[in-house]
Amino acid sequence: MNILIKDIAAAVWKDGSCVVEKKTICIQGDMITGMDSIPEGFVPDKVIEGKDRLLIPGLVNSHTHAYMSVFRNLADDLSFDDWLFKSIMPIEDRLTGEDAYWGASLSILEMIRTGTTCFADMHMHINETTRAVEESGIRAVIARGLSGGSEDESGIRRLKEAIDEMENYRDCARISFMFGPHAPYSCAPEYLEQVIGKARENNVGIHIHLSESENEIHNMQRERGCTPIELMERIGLFDIPVLAAHCVQLTDSDMDILARRGVSVAINPKSNMKLGNGFARVPEMLERGINVCLGTDGAASNNALNLVGEMNAAALAYKGSTRNAQSVSAAQVFAAATRNGAKGLGLGSVTGTIEVGKKADLSILDLNNPQMRPKRNLISALSYSANGSEVDTVIINGRIIMENRELLTIDEEQVYYNIGKICDKLGITGGNENEQY
Ligand SMILES: [Zn+2]
């Protein structure tokens, strides 16, 4: 389908900075083919009027666990260890693949509604999040969560499953893969070395949690006398492209390693604050030229997958933590949520900016909302004023997925019904039968 987006305020990159300019955008098939001029012979099948609207590159959520939305608001205000090991993991073990599919569908629904067109996911049920991605029309980089030791049968089985899943979805252009070793504390170094070997063999990157909590650092120092980043450097993790989630507890030397080795860092400010893990040293990471991306983490630890809300948190959190109102600007946050995210996911030439030759992954915001008036400094407005509800139209891979807030690929009612059913089955609140608020 050919789509013409007419006379719209668009967030584009110009001489290294992001500016908002009036543009007319032509989309042919899955691609942006015209921006300042209309390609010869272009006849639109559909025209989208740009008046009082803002066009942004589709947002890139660089770290989440989409299937976990079933656990939203279930285990709040707990310490990181109590949250993960005592509350989430025992119930998580009882989720079936079908449950994970509906959880992922709920997350995708929320992401599309708030302008996200691409996400990096770490999951536990092969083919299920991937199936939800394929059906919904969103773009994703999928990583099957891996954990275990080198001799451990389950670790080897999980690695094989990850490779099988890659094979199963080889033909879907919107889906790519990474390997997802969960973290240095849940994967033995020998197992990580195996994963690194397989990543190299299959030419994919690695998505991993690194240096998230203080306990993780203390345990690693006690057991191995180094930081998680130093251990990863030693075993060769950074020889391949790495998307490292969190990186909250970093030493100066850790940051130097990440910068030198070109590691992308997916920061998750809300999850880090909610679980009491603190504030990543984002201003210093940016100073060192580290590619900082923005993620929400899963709905059990945020508790939203709304990247506009996450931009707001990111634009405020590091000013507060450093007591410096000039640290981490709205423009830097916008870059983290778009261009940097795409780069971190290995999709820098595919998505993340509005450019001729890139895939048409675009979100349109309605500026006829009180929080968006006056129409001024709209990059700032995205971080400081918007809340995500302004997103009215979303295009992914050239296909309109949401139009005037109506979702065209997901049956919302069906998703809500099935989420309720899963809660009933698990015996947790939030179900269709036992309504407890
Ligand atoms: Zn995570």
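Here is a short chat between a biologist and a modeller about the predicted model above.

Biologist: Before we start, what are the ground rules for pLDDT and numbering?
Modeller: This is a predicted model, where local features need pLDDT of at least 70, side-chain atom pairs count only at pLDDT 80 or more, and totals for chains, interfaces and linings use all residues. Side-chain values use heavy atoms, with hydrogens and water left out, and residues are numbered along each chain as its sequence is written, from 1.

Biologist: Which residues coordinate the zinc ion?
Modeller: Donors here are N, O and S atoms within 2.8 Å of the metal (3.2 Å for Na, K and Ca), and sites may look incomplete since water is not among the atoms. The contacts to zinc run from 2.1 to 2.5 Å, three through NE2 atoms and one through OD. The residues are H63, H65, H209 and D297.

Biologist: What is the arrangement of the four donor atoms around the zinc ion?
Modeller: Four donors are tetrahedral if all angles lie between 85 and 135 degrees; four are square planar and six octahedral if opposite donors are over 155 degrees apart and all others between 65 and 115; anything else is irregular. Here the angles span 89 to 168 degrees, so the arrangement is irregular.

Biologist: How are the donor residues of the zinc ion spaced in sequence?
Modeller: The spacing reads H-x1-H-x143-H-x87-D. H65 sits in the loop between β6 (59-64) and α1 (80-92), while D297 is in the loop between β13 (291-294) and α11 (307-322); helices (H or I, at least four residues) and strands (E, at least two) are DSSP runs numbered from the N terminus. That pair links distant parts of the chain, and its separation is 232 residues.

Biologist: Is H65 buried or exposed?
Modeller: Buried means under 20% relative accessible area, exposed means over 50%, and partly exposed is in between (1.4 Å probe, protein chains only). D297 has a value of 4%, so D297 is buried. H65 has 9% relative accessibility, so H65 counts as buried.

Biologist: How many salt bridges does the count come to?
Modeller: A salt bridge is a side-chain nitrogen of Lys or Arg within 4 Å of a carboxyl oxygen of Asp or Glu. One of them joins K46 and E403 at 2.7 Å, N to O. By this rule the count comes to 31.

Biologist: Where do D361 and R139 lie?
Modeller: Their side chains meet in a salt bridge, 2.7 Å from N to O. The pair ties together parts 222 residues apart in sequence, because D361 is in the loop between α13 (339-344) and β14 (362-366) and R139 is in strand β8 (residues 139-146). As for accessibility, D361 and R139 are both buried.

Biologist: Which residues are linked in a network of salt bridges?
Modeller: Apart from pairs such as D252 and R281, which meet at 2.6 Å, N to O, there is a linked group. Its members are R200, E233, D239, R260 and R261.

Biologist: At what angle do the axes of α7 and α8 cross?
Modeller: Axes are lines fitted to C-alpha atoms, for helices over the stretch in contact, with angles from 0 to 180 degrees between N-to-C directions. Helix α7 (residues 228-235) and α8 have axes that come within 9 Å, and the crossing angle is roughly 40 degrees.
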